[in-house]
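Student: Hi! Could you walk me through this one? I'm new to it.
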Protein chains: 2
Amino acid sequence: MVVRLNAMGVTTVFSHTLAEGSGFTPEQVRKDFSEYKIRGHRRGGYSTEKLLSDMESLFKRDRMSNVILVGMGNLGQALARYQQLQQRGINIVATFDIDPYKQKSRTEYQVYSMDRLQEIVERFSVLVAIVAVPDISAQDVCSQLIDMGIRGIVNFSPVMLKVPEFVVVNNVSLSDEIESVIWFVRSLKKGPTLYL
Amino acid sequence: MVVRLNAMGVTTVFSHTLAEGSGFTPEQVRKDFSEYKIRGHRRGGYSTEKLLSDMESLFKRDRMSNVILVGMGNLGQALARYQQLQQRGINIVATFDIDPYKQKSRTEYQVYSMDRLQEIVERFSVLVAIVAVPDISAQDVCSQLIDMGIRGIVNFSPVMLKVPEFVVVNNVSLSDEIESVIWFVRSLKKGPTLYL
DNA sequence: GATTTAATGTGAAACAATTCACAAAATATG
DNA sequence: CATATTTTGTGAATTGTTTCACATTAAATC
């Protein structure tokens, strides 16, 4: 958003502008900026240029993050072709699948077989992996990854991965996201957060 | 999870079992069940069979929910082929795209052009739509959908949709999910929740 | 059948997040 | 240059969520 504004030639933004565009309240925006020592001007708002550089260093978007993608089924392939990741500084250095036929896929990426994992993780010192494999193999793949040095996992499979506490896991469930909207629409009030 | 346990012949579960498998604490599980009047037995835990039927009626998974999918790019196609949705009672009744060539896609779904929207939303009384179109067309598509009676939107585009208050929107950003893991791994402490 | 054990169910306490309210600063206006 | 206006920055109040602690129940054991 700030990128767009800056590109449009806007030099300053106000907390309420950012809030409207991002779904937060102006107070939340200011509190969060404040906590990370990002300062604005009393009356002139925030400078888009300064904001951009502050946020780049804060999120460390200045250098690209190398990640690997394991599992080249439907979702894996979609992620591999997903433009936005590059723009956000997320660089998929390699993709993997047990099935060598997935190599035929229409992705520009080469799909490696699992036995090349070690080599590539080491070569690019990759710390984060995206797991988009079927549930049955998720835990197995996950354990392998951790052994090879992976310390962060974005898990698209619907199983709770068992990991040591020094590994961070983010579980993303597309079904849950859709189901929660269905729930809201049907009941028009807040439902339980629990999906088993 | 409960489905699997029940299929395996397990007749009772404890709150701590469910907690471990789902990433919540036992207290959270019990509180949530309690709020929705799902009762267990003071020593025998919860009956999987009863749980299953209670949850089905609670989430209204007993009948299928009809949704439509707009935008058959990479992500759209992946979602259209995503098995898990069916299992969760989410039924994609039709898919749409402005580009008629997307009809050639390897999906079993027919891809309709946008002018069939009205007809199909009405015919199947669809209330929820999944939006996986490029950012530039997101707001436009969204407004059309609402005019046609859609009341819930799962938004995969990176723009904040402007909607009337009777419409519920769930914004899902795959980049954010990945970036947050990168953040955690790099800093090993909690970062800001704000991504602009 | 008395006692121990293992679980639920739920108030109360602790903690976290959000909103409110307003002083301080900087610009704009007359 | 005095006054009004706009916006930040942040304590204080509110609201929401998670954890704790324990009474209650039912089964298991002795």
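Student: What do the buried residues of α8(B) pack against?
Tutor: This is a predicted model. In it, the buried residues of α8(B) pack against β3 (65-70), α7 (117-123), β6 (128-131) and β7 (152-155) of chain B.
Student: And which residues of α8 in chain B are buried?
Tutor: They are S137(B), A138(B), V141(B), C142(B), L145(B) and I146(B). Just after α8(B) comes G149(B), with a positive phi of about 115 degrees.
Student: Switching to α9 of chain B, why should its 14 residues span 20 Å?
Tutor: Because a helix residue counts for 1.5 Å, the expected span of residues 174-187 is 20 Å, and the end C-alpha atoms of α9 in chain B are indeed 20 Å apart. Its buried residues include L174(B), I178(B) and W183(B).
Student: Now the DNA. Which residues are closest to strand D?
Tutor: Out of 19 residues surrounding DNA strand D, the closest are S15(A), R30(A), S34(A), R43(A) and R42(B). The surface near the strand has two nonpolar, seven polar and ten charged residues.
Student: Which helices supply at least two residues each there?
Tutor: α3 (26-35) of chain A and α3 (26-35) of chain B both do. The side chain of R30(A) has an N or O atom 2.6 Å from a base nitrogen of strand D, and the side chain of K31(B) has one 2.8 Å from a base oxygen.
Student: What about a phosphate oxygen of strand D?
Tutor: One lies 2.8 Å from a backbone N or O atom of G40(A). Of the strand's atoms within 4 Å of the protein, 58% belong to sugar or phosphate, and the rest to bases.

Methods:
Residues are numbered from 1 along each chain as its sequence is written. Chains are lettered from A and ligands numbered from 1 in the order in which they are written. This is a predicted model: local features need pLDDT of at least 70, side-chain atom pairs count only at pLDDT 80 or more; totals for chains, interfaces and linings use all residues. Side-chain values use heavy atoms; hydrogens and water are left out. Helices (H or I, at least four residues) and strands (E, at least two) are DSSP runs, numbered from the N terminus. The expected span of a helix is 1.5 Å times one less than its number of residues. Buried means under 20% relative accessible area, exposed over 50%, partly exposed in between (1.4 Å probe, protein chains only). Contact means heavy atoms within 4.5 Å. A residue is near a molecule or strand if one of its heavy atoms lies within 4 Å of it. A polar contact is a pair of N or O atoms within 3.5 Å; within protein, one must be able to donate a hydrogen and the other to accept it, and residues adjacent in sequence count only if both atoms are side-chain atoms. Ala, Val, Leu, Ile, Met, Phe, Trp, Tyr, Cys and Pro count as nonpolar, Asp, Glu, Lys and Arg as charged, and the others, Gly among them, as polar.
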